[in-house]
Amino acid sequence: EYEKPVLDTIGDPIQQKHIDTLHGFYGGIKPCEKYLKFVLLTGVTKIGKLSVFSALNNLRELTFLKAFSSLCGITEKELHSILEEDIHDLAIANKITDEETLKWIAIEANDKKYKNYAVDKIDNADILYDLVLKSKDNSIKKAAIQKESFTSEEVLKKVAIEDKDEWVKKAAISKINDENTLSVIAQVEENAKVRSLIFDKINNPEILKNILLDSKKADVKTDLISKIDDEKLLSKIAIEDEDKIVRSEAVKKINDEEILLEILNNEEDRFVRQIAVNNLNNPRELIKIALNDEDKFVRKHAMSNDALADEEDFKYLAINSTYEDVALDALEHINKEESFIDILKNAKLSEIRKKTLTNITDLETLIRIVLENKDEEFSLKALGKIKNQKCLIKIYEQNISENISVKAVSKITDQKYLSKVV
């Protein structure tokens, strides 16, 4: 062993002489390279920083190379063909079974391969339980749990509740069949993915209902709501729960118009109210909300609900709304000129009446705006859309105001009518 002279003299001044001797010896090898085909140096301890090999610069370390593993270490085959009796003797000496020895290997070994091999060879349930509770290696714990003989629901429950690793928890939960046990785990579990697995395994709707009603954790309740279709229970949660996120998730699944209106009328949170409006399908109720609700965003959701689609409904909103946002939104859904004319005549908001002008081309309506409207600016805009020469001279002759007369004359190009002006 190349390092023995060095190891034997640790702390002794003579050690340096040994190092120098080795250095000289290995240094003498280099000039002889052309005569050497293969040289193998063996030892137990890797020595660095002592310049033993500084004269050699082309050494290749084989210790941890997979291709030389059977040369430098013990293979799994050798472990059983050569050391089987030694493992058995170790078990007897320590008054433990062979599987206890395997458990020790599974817990203490550094090499993952041996740890996995040890777990694979253990079938004793109690040893597997102890291994899972003592091991710090999550993959080993998961492998042990997945063994067929690992059946204790008590240990599985303990692991599912106390272990920190998501995959170990999932492995334990996947083997638990008692739905009441799963319910207990779900109520304390923080990881949403783990909870989802638990809820997928619970088929009893009463158990799910009880978790939903008993849990104090909002995220547990929101996870459960997606799996519950009982509208009566959902309504109770939507109306009574203290957490607005939980209420909103419940409202998303409610289609009963009466319940949705109750929520809309009593709920204080804007977001929850918006969801309730989104789920309504009655245009009459949506119109009432758009006309009367004090919250701009709730009104907006009412206006954007697909159930509100008839142009007559939007015309009604444009005419009767005292909220400019609603009336303007309604105008975006109007296509017929006669609807714009009705809005022009009847809208409660003057700004909305003015907005209709862009969409009106009816000559009679434009003339009436010019002649009857008290807002001169609005009248001038209407006048700007009139090209009929006869109508323009008629407006001029009415002498409504100087600005309107000047504007009307400026648009007359027919000499026949211009002579009347002169």
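These legends walk through several close-up views of a predicted model. Local features are shown where pLDDT is at least 70, side-chain atom pairs count only at pLDDT 80 or more, and totals for chains, interfaces and linings use all residues. Residues are numbered from 1 along each chain as its sequence is written, and side-chain values use heavy atoms, with hydrogens and water left out.

**View A. Helix 22 is largely enclosed by the rest of the structure, because 7 of its 10 residues are buried.**
Helix 22 spans residues 311-320; helices (H or I, at least four residues) are DSSP runs, numbered from the N terminus. Buried means under 20% relative accessible area, exposed means over 50%, and partly exposed covers what lies in between (1.4 Å probe, protein chains only). Look for Glu311, Asp313, Phe314, Lys315, Leu317, Ala318 and Ile319, the buried residues of this helix. They pack against helix 20 (283-292), helix 21 (296-304), helix 23 (324-331), helix 24 (337-346) and helix 25. Contact here means heavy atoms within 4.5 Å.

**View B. Glu351 and Lys354 form a salt bridge within helix 25.**
A salt bridge is a side-chain nitrogen of Lys or Arg within 4 Å of a carboxyl oxygen of Asp or Glu; in this pair the closest N and O atoms are 3.8 Å apart. The two residues sit 3 residues apart in helix 25 (residues 350-355), a separation of about one helical turn. An α-helix has 3.6 residues a turn, so residues three or four places apart point the same way. Glu351 is partly exposed at 37% relative accessible area, and Lys354 is partly exposed too, at 27%. Elsewhere, Glu100, Lys103, Asp130 and Lys134 are joined into one network by salt bridges that share partners.

**View C. Lys217 and Glu190 form a salt bridge between two loops.**
A search of the whole structure finds 30 salt bridges, and in this one the closest N and O atoms are 3.1 Å apart. Lys217 belongs to the loop between helix 14 (205-214) and helix 15 (218-225), while Glu190 belongs to the loop between helix 12 (179-188) and helix 13 (192-201), so the pair ties together parts that are 27 residues apart in sequence. Glu190 is exposed, at 59% relative accessibility.

**View D. Asp269 and Lys244 form a salt bridge that links distant parts of the chain.**
The closest N and O atoms are 3.8 Å apart. Asp269 comes from the loop between helix 18 (257-266) and helix 19 (270-279), and Lys244 from helix 17 (residues 244-252), 25 residues apart. Asp269 is buried at 16% relative accessibility, whereas Lys244 is partly exposed at 43%.

**View E. The structure holds 1 aromatic pair.**
Tyr129 and Phe150 meet edge-to-face, 4.8 Å centre to centre with 80° between the planes. Rings of Phe, Tyr and Trp (its six-membered ring) pair if their centres lie within 6.5 Å; planes under 30 degrees apart count as stacked, over 60 as edge-to-face and the rest as tilted. Tyr129 lies in helix 8 (residues 125-134) and Phe150 in the loop between helix 9 (138-145) and helix 10 (153-162), so the pair ties together parts that are 21 residues apart in sequence. Both Tyr129 and Phe150 are buried.

**View F. The charged end of Lys170 sits over the ring of Trp167, and Arg299 lies over the face of Tyr323.**
For Lys170, the distance to the ring centre is 4.4 Å; for Arg299, that distance is 3.6 Å. A charge sits over a ring if NZ of Lys or CZ of Arg is within 6 Å of the ring centre and within 35 degrees of the ring normal.

**View G. Tyr35, Leu36, Val39, Leu41 and Leu59 form a nonpolar patch on the surface.**
Together these residues have about 480 Å² of accessible area, from the Shrake-Rupley method with a 1.4 Å probe, where for residues only the protein chains shown count as cover. Patches are made of residues with over 30% relative accessible area and no salt bridge: like charges are joined within 9 Å, and nonpolar side chains (Val, Leu, Ile, Met, Phe, Trp, Tyr) within 5 Å. Leu36 is found in the loop between helix 2 (15-27) and helix 3 (69-72), and is partly exposed at 39% relative accessible area.
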